[in-house]
Amino acid sequence: MKASSNLILFVDEKFNIGSLKKYISNSEFSYISDLLKNSDLKKDLLSFDINSKKTIFLVSVKKDVKFSDIENLGAKFHRHINYDKKKDYFVNTDTINSNIENFAGYFLHGIKLKSYEFNIYKSKKNKKNISINLIGNKNKVSGYSQLRFKAIEEGSFFARDLVSEPGNILHPDEYARRITSLKKFGLKINVYDQKKLKKLGMNALLGVGQGSIRGSYLVTIEWNGAKNNSNPIAFVGKGVCFDTGGYSLKPAKFMEDMTYDMAGSATVVGLMKNLAIRKAKINVVGVVGLVENMVSGNAQRPGDIVKSYSGKTIEILNTDAEGRLVLADALTYTEKKFKPKFIVDLATLTGAIIVSLGSEYAGLFSNNDKLAKQLLDAGDKVQEKLWRMPLHKNFDKLIDSKNADMQNINYVGGAGSTTAAQFLQRFILNKTPWAHLDIAGMAFSKYGGALNSGGATSYGVRLLNKLIEDDYE
Ligand code: BES
Ligand code: MN
Ligand code: ZN
């Protein structure tokens, strides 16, 4: 560290700097002491420009902080980074006064998650090469913990990249290739193409993709990290690479966002990458259905009836209610093939969940109270919140059809997110504990959130990692 390097020091909620004398020069100390007299001490962070090259940051840590508060402090600090002029930052871990393990790790993790941006299609990129280093003898972050932070970052950024890619680049063919590239992390990957899916009888999934010039796929991603061959836990994701609505066409205003309609699957893929990098001691399978919902002479029509992998027939009254058709086959297949301990699916499934919960909570639907509670708790801990929504047989009736076993939309209207969930539940055939997360309002953020700067959020990667870590590993 040079005398001119930027320094990050932690202080208590009153910005007492008495104990910092050891780490800064006398003149710096008195300069900061003076300025503090007129500073707003309610802030979390105050910065003091010592000269054109050096800034000292004081980060105020309240009593009883949780690890998520420290991540947020890191994210707040990110705004103060001057990427053009100030390249070296040093976080002094000796100034940490907290019993939270890996405090400094969470701080750096918050900075990193917030720093993500998707700029590969910009000719002029903002250069972001700075270094942030930990110095000090106390409160070191172990190599083990560093790997776990790195795994989440890489898994989340992989998911964010996938969600950010436009529909012309990340169509199902390309998506299947990108997932296959994860073999190098030790994941076992199986790609079922149209021919295989036809043989298996996955006509609900295939019907959605039949109007596209691209293929339709079901991809399974296995991580076998347990010492035994115990049954896995399973995560299933909606991967609609672009959702025009099909013949039940979306208006332009609603269609333009539909490049992120594969976010559920991206979360599953990112989660699996994270588990592989950190070599999680558990057996997990991820299953994603990849399709493109297009209009063409060969596309599905409203009124079409298809026979799903489960054997149940579905009348397609609205081709824009396509996510549930993809998930229907993926869910039954996952349950049958892997006999998982439980299944959690993720999908940008309904606009109605945005009406209910905005971009504050994802909707949680479950047939199992224990699993629901575990998910709610994990979500609270990592700031990816869930709100439980109802399932009930009276809602289930609303998707009965005159012409087939069921129809893909509710015939009286209302309760759009719940009837979609009821539809999915019909494809869990053996009462496996199951939860459905409707993430339509959470996958993409217009204005940015605590740990993202806007755009793809990778909602769910950290939530499900926490669930695994706390309850199943
Ligand atoms: N992908 C959409 C849901 C969506 C809407 C996600 C807005 C993100 C933002 C889904 O496929 C869909 O179109 N759902 C319809 C269902 C309706 C036809 C019953 C919807 O929500 O309008
Ligand atoms: Mn749709
Ligand atoms: Zn959709």
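Which residues of the largest nonpolar core touch the most other members?

## The nonpolar cores

In this predicted model, the largest nonpolar core holds 80 residues, of which Phe107, Tyr175, Phe235 and Leu375 touch the most other members. Helix H9 (residues 263-277) supplies the largest share of this core, namely eight residues. Because domain 1 (6-141) and domain 2 (147-471) both give residues to this core, it lies between them.

For Leu375, leaving aside residues up to four places away in sequence, the contacts are Val344, Leu364, Leu386, Ala435, Leu437, Leu463, Leu464 and Leu467. Another core, of 37 residues, lies apart from the largest one, and Met202, Val291, Tyr309 and Met406 are among its residues.

## The manganese site

The manganese ion (ligand 2) has as its protein donors Asp243 (OD), Asp320 (O), Asp320 (OD) and Glu322 (OE), at 2.0 to 2.2 Å from the ion. Around the manganese ion (ligand 2), the six donor atoms subtend angles of 71 to 166 degrees, and the arrangement is therefore irregular. For comparison, the ideal angles for six octahedral donors are 90 or 180 degrees.

## Chain spacing and the metal pair

Along the chain, the donors of the manganese ion (ligand 2) follow the spacing D-x76-D-x1-E. Distant parts of the chain are linked in this way, since Asp243 belongs to strand S8 (residues 233-243), whereas Glu322, 79 residues apart from Asp243, sits in the loop between strand S11 (313-316) and helix H10 (323-338).

Asp243 also bridges the manganese ion (ligand 2) and the zinc ion (ligand 3), which lie 3.2 Å apart. Asp243 has a relative accessible area of 2% and so is buried, and Glu322, at 1% relative accessibility, is likewise buried.

How values were computed:
Residues are numbered from 1 along each chain as its sequence is written. Chains are lettered from A and ligands numbered from 1 in the order in which they are written. This is a predicted model: local features need pLDDT of at least 70, side-chain atom pairs count only at pLDDT 80 or more; totals for chains, interfaces and linings use all residues. Side-chain values use heavy atoms; hydrogens and water are left out. Donors are N, O and S atoms within 2.8 Å of the metal (3.2 Å for Na, K and Ca); water is not among the atoms, so sites may look incomplete. Four donors count as tetrahedral if all angles lie between 85 and 135 degrees; four count as square planar and six as octahedral if opposite donors are over 155 degrees apart and all others between 65 and 115; anything else is irregular. Helices (H or I, at least four residues) and strands (E, at least two) are DSSP runs, numbered from the N terminus. Buried means under 20% relative accessible area, exposed over 50%, partly exposed in between (1.4 Å probe, protein chains only). A nonpolar core is a set of buried Ala, Val, Leu, Ile, Met, Phe, Trp, Tyr and Cys residues joined through side-chain atoms within 4.5 Å. Domain bounds come from an automatic or database domain assignment. Contact means heavy atoms within 4.5 Å.
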